[in-house]
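Thank you all for coming; I would like to use these few minutes to walk through one model, taking the open space in the protein and then the bound ligands in turn. Please keep the display in view while I talk, since I will be pointing to residues by chain and number.

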Amino acid sequence: MSTILEVKNLAKIYEIGYIRKRQIVAVDKVSFSVKKGEIISLVGESGSGKTTTARMILRLIKPTSGVIKFMGRDIWRDLRGGSDLRWYWRNVNGVFQDPFSSFNPTHRIRDFMYRAFNLFNEKLDRDTKERLVREALQMVGLIPDEVLNRRPFELSGGMRQRVMIARIFLIRPMLVIADEPTSMIDATLRLGILRLFSKLREEIGTTIMFITHDMGLAYYISDRIMVMYRGKIIEEGTPDEIVNNPKHEYTRNLLDSIPKLYTSWFK
Amino acid sequence: MGYVVETIDLRAYYMLRRGSVKAVDGVNLKIGEREIVGVVGESGCGKSTLSRVLALDFIPPLKLVGGKIIIDGEDVTSIPISEARKRIAGTKISLIPQSAMNAIIPVTRVKDYIADVVKEKTGLPREKIVDMARKRFEEIGLPPIALDMYPFELSGGMRQRVLIALATLLNPSLLIADEPTSALDVSTQKMVLTTLYNVFKMGLTKSIMFITHDIATVRQIATRIVVMYAGKIVEDGPTEDLIHNPFHPYSKALMFSILTPEPEVRKRVEQTGGIAGEPPSLINPPPGCRFHPRCPYAMDVCRREEPPMIEVEKGRFVACWLYAKK
Ligand SMILES: Nc1ncnc2c1ncn2[C@@H]1O[C@H](COP(=O)(O)OP(=O)(O)OP(=O)(O)O)[C@@H](O)[C@H]1O
Ligand SMILES: Nc1ncnc2c1ncn2[C@@H]1O[C@H](COP(=O)(O)OP(=O)(O)OP(=O)(O)O)[C@@H](O)[C@H]1O
Ligand code: SF4
Ligand SMILES: [Mg+2]
Ligand SMILES: [Mg+2]
């Protein structure tokens, strides 16, 4: 299989404070590559640098150093102008961690969904757009008539996340970066929605990168897991390799502290 | 053996202008001495409301609409609420509310905060309370120096453990902890869970009610699990039985949707599907069994009549027509 995404020595250093500047190394020279059609998870605890990595790949924040190549093109050097960026976001798109901040609060859900069509080259008529939007919402278990005219704050966190996922099924990109996409979705709905991501891969060969602190989710869904700790990727392998035979001490501790359903620590 | 708390057909609604939210609707629950009861269910099913009601914490629009609450043998719903609250606060039922961690006043030192809270409940002198707190901190492995710190100087896990120490200072009959681990990183969760378990083993509280949406967490310490759906208890049974062999179709769906890094889970998940639909509105819940619109086994009777709670095996209670003779 061919490589679709290549990340080399990627780093992000935040400078905070005005008078006495302090540096935070959020992502520390990370390198990895992802094959076409692969489902890969980036797992790590809070503050380990997962979202920062995701946002750089989505071309939302500029790396301090390093290279990100999508289909051979350096996304920070080779893409210029509106049409290149439209091409990029049509092909690489995401579900963002904070489902509130990614919505314009004055827009209705219909507006939010329709804006996805701006990324399309083909011109669609209004009826086709409406039909596609409704189908996408139904896929994630939302009732179109109940949500289309609502504004983001009138939906629960889990519903907003599902709207964002529906938007991904509308765009059908080649690479999806999903940052904690189901963190607010109730357990009994979550599995069905995760399966939709797998279906997208089966149908059009989409590559998916899940970003999560939930090792259980990563274990279930991925072909490969990368463990991130303090800005670095410290270990990677298949789910079974990571879970049954963790190499790094941090991974071992992490796995030990995850509660299991079928065994108890205290009994 | 007496019950530390017993509810009979308990109903508590949020009275809103557009209708009442039936968040606790006909709950029968008995908690005995030396039990850790895990209450699980998805967002909005009424877990926190149940905890507020048991702590007699009725803040409008929440209102007790029917049923009884019997605490240590006394029907506290037959006496004025303010009187009842005085009798139970701290010594009988002690509640750590959801997100309490963020609610601690940041400008007061931990010891002053504890002294304020406990003095209001008991009238004990401050020095005495701080002494008690120091002893309790030592007992449960918290550094006593934390008493002199401000809440923002403590990590999330430490803050949650301070709240556990505070909530058990007067050795209550029942400690209710509402999502005590949900906002924490996994490594800290384990620490808080251990503290809760120790508090129980040392007898600092007779029983614990542990509320969470995270079954894998609560099953670590719970002796018994209660599953709630849309304002009602649908299943109640010993932890191991319920985890390994859930009876109620909703409990099954819930259990089967849990993703933990265990080979059993991966295998199981590949075979079973999730369930369609969403929990219903609690203003106009569906008639009959509230799970019927999503239940793969729904029958006619389910749409018409509410299923009774049946003891299917010893200690295992289920409210579902599949198990009731009709
Ligand atoms: N805009 C910013 N300015 C300064 N520091 C930041 C900024 N964004 C993130 N950081 C810091 O960078 C580090 C990595 O943050 P990041 O959000 O990437 O972590 P994460 O792994 O996604 O965590 P979580 O699981 O909590 O979402 C953290 O220390 C964070 O405080
Ligand atoms: N103050 C309130 N006023 C009106 N309705 C409320 C209020 N608090 C809760 N509700 C509603 O009551 C129902 C039960 O809420 P409750 O907080 O008890 O659920 P929960 O099971 O604790 O959920 P979570 O897992 O999200 O904490 C929900 O439908 C909720 O929207
Ligand atoms: S009572 Fe009927 S609808 Fe309800 S859970 Fe049982 S079978 Fe399903
Ligand atoms: Mg993040
Ligand atoms: Mg709650």
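**A pocket and three ligand sites**

Let me begin with the second largest pocket, which holds about 860 Å³ of space. I should say at once that this is a predicted model, and everything that follows should be heard with that in mind. Which residues sit closest to the centre of this pocket? They are B:Arg85, B:Ala89, B:Leu95, B:Val117 and B:Lys121, out of 27 residues that make up the lining. If you follow the chain B elements around the lining, those that contribute two or more residues are α2 (81–88), β6 (93–96), α3 (100–103), α4 (110–122) and α6 (156–167). Among these, α4(B) is the main contributor to the lining, with 6 residues. As for its chemical character, the lining comprises 17 nonpolar, 4 polar and 6 charged residues.

Staying with chain B, let me turn to ligand 2. There are 16 residues around ligand 2, and those that come nearest are B:Ser43, B:Gly44, B:Lys47, B:Ser48 and B:Thr49. Several contacts made by oxygen atoms of this ligand deserve a closer look. An N or O atom in the side chain of B:Ser43 lies 2.7 Å from an oxygen atom of ligand 2, while a polar backbone atom of B:Gly44 is 2.8 Å from an oxygen atom of the ligand, and for B:Cys45 a polar backbone atom is found at 3.3 Å from a ligand oxygen. On its own, ligand 2 would expose 630 Å², of which the protein buries 68%. In chain B, at least two residues of the shell come from each of β1 (3–16), β2 (19–32) and α1 (47–54), and α1(B) gives the most, namely 3 residues. By class, this shell has 7 nonpolar, 6 polar and 3 charged residues.

Now please move across to chain A and ligand 1. Of the 13 residues around ligand 1, the nearest are A:Ser46, A:Gly47, A:Lys50, A:Thr51 and A:Thr52. Here, an N or O atom in the side chain of A:Thr52 is 2.5 Å from an oxygen atom of the ligand; a polar backbone atom of A:Gly47 lies 2.8 Å from an oxygen atom of ligand 1, and a polar side-chain atom of A:Gln97 is likewise placed 2.8 Å from a ligand oxygen. How much of ligand 1 does the protein cover? Taken by itself the ligand has 640 Å² of accessible area, and the protein covers 64% of that. The chain A elements that give two or more residues to this shell are β1 (3–16), β2 (22–35) and α1 (50–57), with the largest share, 3 residues, coming from α1(A). The shell around ligand 1 divides into 4 nonpolar, 7 polar and 2 charged residues.

Finally, let me take you to ligand 3. Where does ligand 3 sit? The answer is the largest cavity. Ligand 3 is surrounded by 13 residues, of which the closest are B:Cys289, B:Cys295, B:Cys302, B:Cys320 and B:Trp321. What classes of residue make up the shell around ligand 3? There are 11 nonpolar and 2 polar residues, and no charged ones.

That brings me to the end of the tour, and I am glad to go back to any of these sites on the display.

Definitions and conventions: Residues numbered from 1 in each chain as written. Chains lettered and ligands numbered in written order. Predicted model: local features only at pLDDT ≥ 70, side-chain atom pairs only at ≥ 80, totals over all residues. Heavy atoms only, no water. Near = heavy atom within 4 Å. 1 Å grid on protein atoms, 1.4 Å probe; cavity = no way out; pocket = protein on both sides within 12 Å on 5 of 7 lines; lining within 4 Å. Sits in = over half its atoms within 2 Å of the grid points. Nonpolar A, V, L, I, M, F, W, Y, C, P; charged D, E, K, R; others polar. Polar contact = N/O pair within 3.5 Å; in protein donor to acceptor, adjacent residues only side chain to side chain. Areas by Shrake-Rupley, 256 points an atom, 1.4 Å probe, with all protein chains shown as cover. Helix = DSSP H or I, 4+ residues; strand = E, 2+ residues; numbered from the N terminus. Points joined across faces, edges and corners; volume = space filled by probe spheres on them.
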